[in-house]
Amino acid sequence: HDIRTPLNAIIGYTELLKNRKSDPEKIDAYLDKIRVSSEQLLSILNESLEVTRMESGRVNLIESECDLGELFAEVKKSVLPIMKKKSIRFCIDSTGVEHFAVIADFIRIKEILMQLLDNAAKYMNPDGTIKLTIIETEIDMKGYKKYRFIVEDNGIGISEKFQEQLFDPFKRENNTTHSGVLGIGLGLTVVKNFVEMMEGDIAVESELGKGSKFTVSLLLKLQETGEKAQIRSADVVRKHRNSQNRRLLVVEDNEINCEIVEELLKDKGYLVETAANGRIALETVENAKDDYFAAILMDIQMPEMDGYEATRAIRKLENPALAQIPIIALSADILASNKGRAMECGIDACLSKPLDFTLLLEAIEEIAKR
């Protein structure tokens with residue numbers, strides 16, 4: 001039911017569009033509803049795939065040096081649109097953190113916090129309050145600290161009976177019909193699995209009508225001080241790029257995906273060249289002049305030479321100006337484990353398909369400033 005509901009909306013509004021070509025106002029409204037339903041369906045699909053991967057044993061932690069301050073900034077940026085839409089007051093309190101430089105799985109911790117905050121917002125009445133508090137505490141283990149990530153809200157709360165089933169797959173206190181919130185009951189299952197992978201624990205306190213409090217406790221290793229704590233990407237020193245350069249190379253073997261990205265970018269004033277696979281992309285870059293391309297948008301799964309191979313080959317080019325071109329991966333298979341592999345190959349940023357064009361533009365502009 002929860003999968004068919006957004007799918008039915010997409011098919012239905014698509015049919016209505018065919019009969020409303022002369023009514024721009026209705027066309028815009030239908031397109032907005034198609035987008036919302038598509039995002040809901042994508043969320044359900046992502047959670048289902050993540051649980052399937054966990055059950056098959058294909059998920060591993062990817063720990064690296066990261067900055068918790070950067071993590072909190074990213075989380076805030078991502079959830080603010082959700083909070084503003086429902087007039088929810090939201091704040092992050094990190095005053096209880098002394099050490100922000102840690103060794104951790106940045107992506108997984110972000111996904112945990114995003115899921116908890118998104119859940120809180122979904123079941124929150126307008127003008128409610130949600131707070132994320134992070135507290136660092138001492139433990140009897142040199143080089144480690146305990147971090148507690150606390151998500152509190154004054155929303156509808158969870159019954160004591162259902163709290164016993166809260167983290168079980170496909171369990172919901174009220175289905176979509178009764179709650180008005182789409183989902184299939186996998187979000188908190190994913191969260192609990194991630195927390196347990198990191199050998200942490202998660203606890204919930206809640207009361208109907210008064211709100212809920214989720215506490216995730218993780219043991220994180222501190223980064224070493226001194227020279228070893230310098231930016232880990234010291235292996236690649238990028239020169240300042242011309243931020244006025246508007247030429248992009250789109251590497252994509254699927255004609256439909258390529259056309260969509262190309263047209264969207266051209267509408268924003270970018271000059272776009274395309275390559276159907278990694279081998280053609282490598283040849284194109286090899287024969288380009290310095291600073292000809294501002295960035296490369298690289299698909300991962302392609303024939304002849306995939307995105308990983310192409311990126312490694314580009315990074316090995318003798319001309320530093322070409323070897324250092326920023327590369328953004330665009331793939332339908334950018335899950336946490338693949339993001340780690342992408343970064344190891346020299347990819348600068350990863351975005352998943354279906355593409356969020358706003359995030360793509362932000363990534364391109366951010367890279368142009370480097």
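**Close-up views of a predicted model**

**View 1. Here a charge meets a ring.** The charged end of R246 is placed over the ring of Y270, at 3.9 Å from the ring centre. As in every view that follows, the coordinates come from a predicted model.

**View 2. An open parallel sheet of 5 strands is the subject here.** Follow the strands in the order 9-8-10-11-12, and you will find the pairing parallel throughout this open sheet. Which strands stand at the edges? They are strand 9 (271-275) and strand 12 (349-352); each has a single partner strand, so one side of each is left without a neighbour in the sheet. From one strand to the next, the twist averages 20°.

**View 3. Zooming in, strand 8 meets its partner strand 9.** Strand 8 (residues 247-251) pairs with strand 9 in the parallel sense, and 5 bridges join the two. To find your way along this pairing, look for L248, whose bridge partner in strand 9 is V272. A reminder for reading any such view: strands of a sheet pair through backbone hydrogen bonds, either parallel or antiparallel.

**View 4. Two helices lie across strands of this sheet, helix 8 and helix 9.** Helix 8 (residues 255-267) lies across strand 8, strand 9 and strand 10 (295-299). Its direction makes an angle of about 165° with strand 9. Helix 9 (residues 278-286) also lies across strand 8, strand 9 and strand 10, and runs at about 155° to strand 8. Within the span of helix 8 you can pick out C258, which is buried, with a relative accessible area of 11%.

**View 5. Strand 4 pairs with strand 2 and with strand 5.** With strand 2 (residues 89-96), strand 4 (residues 129-137) pairs in the parallel sense over 6 bridges. A handy landmark is D93, with T133 of strand 4 as its bridge partner. With strand 5 (residues 144-153), strand 4 pairs in the antiparallel sense, this time over 8 bridges. There, I134 stands opposite F149 of strand 5. When tracing side chains here, it helps to recall that in a regular strand they alternate between the two faces of the sheet. Strand 4 and strand 5 form a hairpin with 6 residues between them, and in the turn G143 has a positive phi of about 85°.

**View 6. Aromatic pairs come next, and the count is 3.** One of them joins Y13 and Y30: the ring centres are 5.4 Å apart and the planes meet at 35°, so the pair is tilted. Y13 belongs to helix 1 (residues 4-18) and Y30 to helix 2 (residues 24-55), so this pair ties together parts that are 17 residues apart in sequence. Are the two rings' residues buried or exposed? Y13 is partly exposed, at 21% relative accessibility, whereas Y30, at 10%, is buried.

**View 7. Y292 and F293 make an edge-to-face pair.** The distance from centre to centre is 4.8 Å, with 80° between the planes. Y292 counts as partly exposed, at 28% relative accessibility, while F293 is buried, with a relative accessible area of 1%.

**View 8. Finally, a look at cysteines.** How many disulfides does a search of the whole structure find? The result is 0. C66 is buried, with a relative accessible area of 9%, and C258, seen earlier, is buried at 11%.

Key: Residues numbered from 1 in each chain as written. Predicted model: local features only at pLDDT ≥ 70, side-chain atom pairs only at ≥ 80, totals over all residues. Heavy atoms only, no water. Phe/Tyr/Trp six-rings, centres within 6.5 Å; stacked < 30°, edge-to-face > 60°. Helix = DSSP H or I, 4+ residues; strand = E, 2+ residues; numbered from the N terminus. Buried < 20%, exposed > 50% of the residue type's maximum accessible area, 1.4 Å probe, protein only. Lys NZ or Arg CZ within 6 Å of the ring centre and 35° of its normal. Disulfide = S-S within 2.5 Å. Pairing = 2+ DSSP bridges. Axes fitted to C-alpha atoms, helices over the stretch in contact; angles between N-to-C directions. Contact = heavy atoms within 4.5 Å.
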